[in-house]
Structure formats: structure tokens, C-alpha cells
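Open the structure in your viewer and show the side chains as sticks. The tour below goes from stop to stop, with something to select at each one.

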Amino acid sequence: MLLRLFARKIIAALPCLLFFLGFVNPAAADWACGATESSCKSVFIVHGGWHAAIVLYAEDISLANVPEMVDFPQVRFIEFSWGDKDYFPDPHAGPFTAIKAAFWSSGSVLHLVGFTEAIARFYPGAEIIALQFAAPAYGKLVSYLSQTFSRPEPGVAASSRAGLYSDSRFYPATRRFALWNTCNTWVAEALAAGGFPISPSFVITAGQLSEEISKIKSRAIVFGQRS
């Protein structure tokens with residue numbers, strides 16, 4: 001009797017469930033750029049083990065949206081990555097700094113890297129995933145990146161200091177890094193802000209990020225993955 005009653009409830013709920021799924025799918029597809037659209041914007045997700053970053057064409061980012069682009073006038077690509085303010089900038093950080101970042105982070109930074117050579121050559125051995133975003137969705141993704149900067153006032157570029165490479169800079173950022181809120185989580189949140197159907201709460205490692213992205217089966221995705 002209980003089983004029959006449960007089955008009846010499931011059947012009665014199916015129309016609502018189907019309606020919900022039908023509502024969600026078109027919304028989730030708003031990010032994707034069709035093959036015939038001329039305004040598609042490329043978003044590259046790059047990771048080389050544990051750390052992930054977002055790479056965009058510099059020409060697709062205006063100074064009005066990201067005033068920090070003034071520091072990179074002659075580049076073709078720009079990398080955005082986020083991390084703990086003490087651990088990320090220090091290539092020689094020890095285990096204590098890593099533990100502090102994971103559990104007692106005192107802040108975060110954004111790392112921007114500008115370059116002109118081909119992405120595959122600039123990131124040898126890394127996994128690269130290329131996505132094609134519709135222009136409105138791309139704008140939302142860039143807005144999320146922009147809002148991560150901790151600026152003295154809106155529209156004014158954040159202060160910077162030397163980055164890890166010759167053409168790179170560190171900027172103060174919002175939010176705190178944590179073991180459960182990593183650079184990979186941040187990348188997933190940026191994608192989600194642009195409408196990409198990903199669950200940032202399920203992303204901690206770079207491998208999980210790649211796995212979540214790969215679940216989306218769409219012709220609008222151009223996978224350029226390399227081991």
C-alpha cells in the first residue's frame with residue numbers, strides 16, 4: 001500500500017518535474033554560442049595539476065570593465081587566477097604557509113599574466129579547455145572577474161605589485177581563500193556567473209573542475225584537452 005501511494009505521488013509530480021527541467025535547460029544554454037554567431041567570445045580554462053586559471057583575449061576586455069588592463073597594453077592574451085595573498089605570491093612558501101592559507105587565510109590576490117604567444121606554447125604540458133560563450137554571457141563572466149578586484153573606488157584600477165613572471169602583476173582581491181574555496185572553485189564560480197551549468201560547490205581540485213566541465217555535452221564547446 002505504501003509503495004503504491006509513493007508511486008502515485010511520483011507520477012503526480014512528473015509534470016512539475018518535467019516543467020522544471022524544461023525551464024532549467026534553456027536557461028543553462030544561454031551561455032553557449034552557436035556556430036553561426038559572429039560575436040562568440042573564447043574562454044580558455046588552463047590547469048597544470050592543482051592550480052587553474054582563466055585566459056581571455058585581451059582585446060575582448062575593455063578598460064571600463066577591467067581598468068587594470070592598462071598594465072598590459074601590448075598583450076594578446078591575459079590570464080586571471082586567484083589565490084591566498086601570502087601563499088600564492090611566494091614560490092618558496094613552506095608547509096606552514098600552505099596550512100595557514102587552507103584554514104586561516106588573511107586575504108586573497110588576483111594574478112594577471114599577459115602574453116602574446118600561442119596558448120599551447122605558453123602552457124606546455126597543461127590541460128587546456130576552450131569554451132565559446134555568447135557575448136551577453138561573456139560579459140557576465142568578465143563582470144565577475146572584475147568584481148574580484150579590491151579597488152579603492154569603482155572604476156579605479158587596484159594597486160599592484162610584481163607578479164611571478166616578467167609581464168604579470170598581483171592585485172588585492174575580495175573574499176578569502178580556504179581548503180574548500182580554492183582557485184578552482186573561483187574559476188567554476190566565474191563560469192557559473194556567465195551561465196555555464198556548473199556547480200562550484202562540487203569543485204575544489206583542478207581535476208574536479210575539468211570533470212564538471214566535461215559533463216556538459218554541447219557542440220558549442222571546443223575541447224582542446226591535452227595531458
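Is Glu 68 buried or exposed? Select Glu 68 and switch on the surface: its relative accessibility is 0%, and the limit for buried is under 20%, so Glu 68 counts as buried. Keep in mind throughout that this is a predicted model.

**Stop 1: the partner of Glu 68**

Now add Arg 151 to the selection. The side chains of Arg 151 and Glu 68 meet in a salt bridge, with 2.7 Å from N to O. This pair links distant parts of the chain, 83 residues apart. Arg 151 sits in the loop between H4 and strand S6 (161-162), while Glu 68 is in the loop between S2 and S3. Unlike buried Glu 68, Arg 151 is partly exposed, at a relative accessible area of 22%.

**Stop 2: Asp 60 and Lys 41**

Select Asp 60 next. Which residue forms a salt bridge with Asp 60? The partner is Lys 41, and the closest N and O atoms are 3.3 Å apart. Lys 41 belongs to strand S1 (residues 41-47), and Asp 60 to the loop between strand S2 (52-57) and strand S3 (77-84). The two residues are 19 residues apart in the chain. Asp 60 has a relative accessible area of 21% and is partly exposed; Lys 41, at 23%, is also partly exposed.

**Stop 3: Arg 175 and Glu 189**

Go on to Arg 175, which forms a salt bridge with Glu 189. Here the closest N and O atoms are 2.4 Å apart. Arg 175 lies in the loop between strand S7 (168-173) and H5, and Glu 189 lies in helix H5 itself, 14 residues away. With 37% relative accessibility, Arg 175 counts as partly exposed. In total, the count for the model comes to four salt bridges.

**Stop 4: two helices**

Stay with H5 and select residues 183-193, then add helix H4, residues 135-148. How do H4 and H5 pack? Their axes are 7 Å apart and the angle is about 135°. The two helices are therefore oblique to each other. Their crossing is right-handed.

**Stop 5: a nonpolar patch**

Finally, select Ile 99, Phe 103, Leu 179, Trp 180 and Ile 204. Together these residues form a nonpolar patch on the surface, with about 510 Å² of accessible area. To place one of them, look for Ile 99 in helix H2 (residues 95-104). Ile 99 has a relative accessible area of 43%, so it is partly exposed.

Key: Residues are numbered from 1 along each chain as its sequence is written. This is a predicted model: local features need pLDDT of at least 70, side-chain atom pairs count only at pLDDT 80 or more; totals for chains, interfaces and linings use all residues. Side-chain values use heavy atoms; hydrogens and water are left out. Patches are made of residues with over 30% relative accessible area and no salt bridge: like charges are joined within 9 Å, nonpolar side chains (Val, Leu, Ile, Met, Phe, Trp, Tyr) within 5 Å. Accessible areas come from the Shrake-Rupley method with a 1.4 Å probe; for residues, only the protein chains shown count as cover. Helices (H or I, at least four residues) and strands (E, at least two) are DSSP runs, numbered from the N terminus. Buried means under 20% relative accessible area, exposed over 50%, partly exposed in between (1.4 Å probe, protein chains only). Axes are lines fitted to C-alpha atoms, for helices over the stretch in contact, and angles run from 0 to 180 degrees between N-to-C directions. Angles under 35 degrees count as roughly parallel, over 145 as roughly antiparallel, 65 to 115 as roughly perpendicular and the rest as oblique. A crossing is left-handed if the near helix is turned anticlockwise from the far one by less than a right angle, and right-handed if clockwise.
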